[in-house]
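This report goes through one protein structure part by part. Please keep the sequence and the 3D view at hand while reading.

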Amino acid sequence: MNISDRSFVSRGEIAYSENKNEIKTISGGYLVCEDGICRGAYAELPEQYAMLPIYNYGKQLIVPGMTDLHTHAPQYSFRGIGMDAELLEWLNTYTFPEESKYADIEYARKAYNYFAEDLRRSFTTRAVVFGTIHNEATIELMNMLENTGVVTYVGKVNMDRNGGENLQEQSAEASIKATEDWLMAIDGRYENTMPILTPRFVPSCSDELLNLIGKLADSRNLRIQSHLSENKSEIAWVRELVPNSTSYANAYELFGNMGTAERPTIMAHCVYSDEKEMEILKKHGAYIAHCADSNMNLTSGIAPVRKFIDAGINVGLGTDVAAGSSMNMLKTILITLQASKMYYRLVDTDVKQLTFEEVFFIATEGGGRYFGKVGAFKEGYEFDAVIIDDGKMFSTRDMSIRERIERMCYNDADVVIMDKFVKGRQIYGKL
Ligand SMILES: [Zn+2]
C-alpha cells in the first residue's frame, strides 16, 4: 500500500452516485483514500486499511466534490446585479466594460483574489474557468487558483470582433500570438491548473481566428471551451456571421473547434440545441455545460437536459457566474431541478423532468468525468470530497442520508462545509 499524507480513512454519513439513477449511501461508513486515490466506501473497514489514520466525522455528510464546468472569474465582481437584460445587451452593458478593467493588473489581482478564495471555500473541487483577453491578469488568476488546490482549466479569452474598443484584440493573428505567449509563460508552471483555449463565442471571433484556434488546439493537444445556442438573437446573429453553416454547432465544427473524445470541447448552454446540434455534440464527444441559473436570469430559456442525457451526450453543470448569480453548486442543482420541471410542464410533457438522482450525478460524476475518474467514491477515482454539517437543519423527522442530501440541495441555508479534499489533499477546513 502507498502510505503518504494523502492516505487516510474518513468515517461518516457517506453518499455518492453509483450511477445516474442511484445514490449509494452508507451510514457510519468508512471511506478510504490511498495517496489521493479512492479505494472505496465500506460499511466495515477492510483489514488492510486498519493502520491508516481515521478522521471521524460522526453524523456529518461526506459527498464527492462538485465540478463547475463553466464559470467566468472576471465577472464574479458583479455577481447578483445587472440581471435586467438579455444576453447581447447584458454583455455590452455590464460584462464587456467590467472585463476591460482586467487590463489593470492591480484591479485583476484584487478581484481574482476574491474569486479564488471563495472557490476554495465552495462545494466545487474542479472548475473550468474563463479569464479575459488579458495575459497578465489570466496568469495571475492561474497562480491564485493553483494556490487554492482546486483543479481547474483556465482560458485566456480570444475575441477579435464585436467587443468594442476596450475589449477586442487587434486581429486574428494578434489574438493567436497573445495566446501563444500566454501558453509559453505558463508552460510547466502548475500542477493543478491547465490551460484551455477559449474563443468567447462565434460573434466575438472572426472565421480566421476560429480557424487558427482549431489548428492551435490540434497542434498543441489543447482543449477548447466556448458558448453555444444560448439565446435566440445570438443564434440569428451567428447564422448571419457564418452563412454557410448548417447550425451554430456546425459553425464551430467548420473551424475545427468541436474537439475530440480525447480532447472534449465544452459548450456552455445549448438551450436551443436541436437534434442536428445534438448529433454534432455527440459525434465529437463534447460536454454540455448546463447553466440553469444563468439561463433563468438572462431569460435565455430552458435547455432540454433530459434529451441530452437520453441521447448519451456528456452533461455537467455550470454556475456561469455572473449571468449565474453565485458559485454555489447546490443552488445550481436546485435551479436545474426546477428548470427541468418547468420544461416538462410548460414546454413538452413528453420530456420527463430530471430526477434528483440524475442531477446529483451530473453535478458530481457527470461533470467530473471531464477531468478523468472524478466525482464518485469508487475504486481508483481521485479523492475529491466535501464534508458537510447539516446539524442546524432541525427536524422532528428521522432523516435518511438520501433525504439529507436532497434537503441540502433544496435548502442550503444552514449547511456548513467543514472540510474539503482534492486528490486527497485537504484544501479547506478544520482538520
Ligand atoms: Zn458563460
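What follows describes the domains, the nonpolar core, one pair of helices and several single residues of a predicted model.

## Two domains

The domain assignment divides the protein into domain 1 (8-64 + 376-429) and domain 2 (66-371). Domain 1 is thus written as two stretches of the chain, and domain 2 as one. Between the C-alpha centres of domain 1 and domain 2 there is a distance of 29 Å.

How many residues of each domain are in contact with the other? On the side of domain 1 there are 22 residues, and they are in contact with 21 residues of domain 2. Several elements of domain 1 give two or more residues to this side: strand 1 (8-19), strand 2 (22-34), helix 13 (401-410), strand 16 (416-422) and strand 17 (425-429). Helix 13 gives the most, with five residues. By residue type, the side of domain 1 that touches domain 2 has 13 nonpolar, two polar and seven charged residues.

## The largest nonpolar core

The largest nonpolar core holds 130 residues. Which of them touch the most other members? They are Leu31, Met267, Ile288, Ile333 and Ile405. Helix 11 (residues 329-347) gives the most to this core, namely seven residues. Both domains take part, as the core draws at least three residues from each of domain 1 and domain 2.

Ile333 can serve as an example of a core member. Apart from its neighbours within four places in sequence, Ile333 is in contact with Leu317, Val359, Phe360, Ala363 and Cys409.

## Helix 3 and helix 4

Two packed helices are described by the angle between their axes and the distance between the axes. For helix 3 (residues 135-148) and helix 4 (residues 172-186), the axes come within 10 Å and cross at roughly 35 degrees. The crossing of helix 3 with helix 4 is right-handed.

Which residues meet here? From helix 3 come Asn135, Thr138, Ile139 and Met142, and from helix 4 come Ala178, Asp181, Trp182, Ala185 and Ile186. The residues of this contact divide into six nonpolar, two polar and one charged.

## Single residues: location and burial

The next residues can be looked up one at a time. Phe78 has its place in the loop between strand 5 (66-72) and helix 1 (87-100). Asp35 is in the loop between strand 2 and strand 3 (37-42). His269 belongs to strand 12 (residues 266-269), Val386 to strand 15 (residues 385-389), and Leu216 to helix 5 (residues 207-220).

The table gives the number of other C-beta atoms within 10 Å for each of these residues, with the resulting class.

| Residue | Other C-beta atoms within 10 Å | Class |
|---|---|---|
| Phe78 | 17 atoms | partly exposed |
| Asp35 | 15 atoms | partly exposed |
| His269 | 30 atoms | buried |
| Val386 | 24 atoms | buried |
| Leu216 | 18 atoms | partly exposed |

Why is Val386 buried? A residue is buried if 20 or more other C-beta atoms lie within 10 Å of its own. Val386 has 24 such neighbours, so it counts as buried.

## Contacts of these residues

The contacts listed here leave out residues up to four places away in sequence. Phe78 touches Tyr94, Glu98 and Ala322. The C-alpha atom of Phe78 is also 8.7 Å from that of Ser325, although the two residues are 247 residues apart along the chain.

Leu216 touches Ile176, Thr179, Leu197 and Leu222. Of these, Thr179 is 37 residues away from Leu216 along the chain, and their C-alpha atoms are separated by 9.4 Å.

Val386 is in contact with Val63, Gly65, Phe123, Ile417 and Lys420. Thr246 is 140 residues from Val386 along the chain, and the C-alpha atoms of these two are separated by 44 Å.

## Backbone details

Where is the cis peptide bond that involves Ala322? It runs from Val321 to Ala322, with omega near 10 degrees. Ala322 lies in the loop between strand 14 (314-317) and helix 11, and Ala322 is one of the residues that Phe78 touches.

Asp35 and His269 each have a positive phi. The phi of Asp35 is near 50 degrees, and that of His269 is near 90 degrees. Neither Asp35 nor His269 is a glycine.

Technical notes:
Residues numbered from 1 in each chain as written. Predicted model: local features only at pLDDT ≥ 70, side-chain atom pairs only at ≥ 80, totals over all residues. Core = buried A, V, L, I, M, F, W, Y, C linked by C-beta atoms within 7 Å. Buried ≥ 20, exposed ≤ 12 C-beta atoms within 10 Å, placed from the backbone. Helix = DSSP H or I, 4+ residues; strand = E, 2+ residues; numbered from the N terminus. Domains from an automatic or database assignment. Contact = placed C-beta atoms within 7 Å. Nonpolar A, V, L, I, M, F, W, Y, C, P; charged D, E, K, R; others polar. Axes fitted to C-alpha atoms, helices over the stretch in contact; angles between N-to-C directions. Left-handed = near helix turned anticlockwise from the far one by under 90°.
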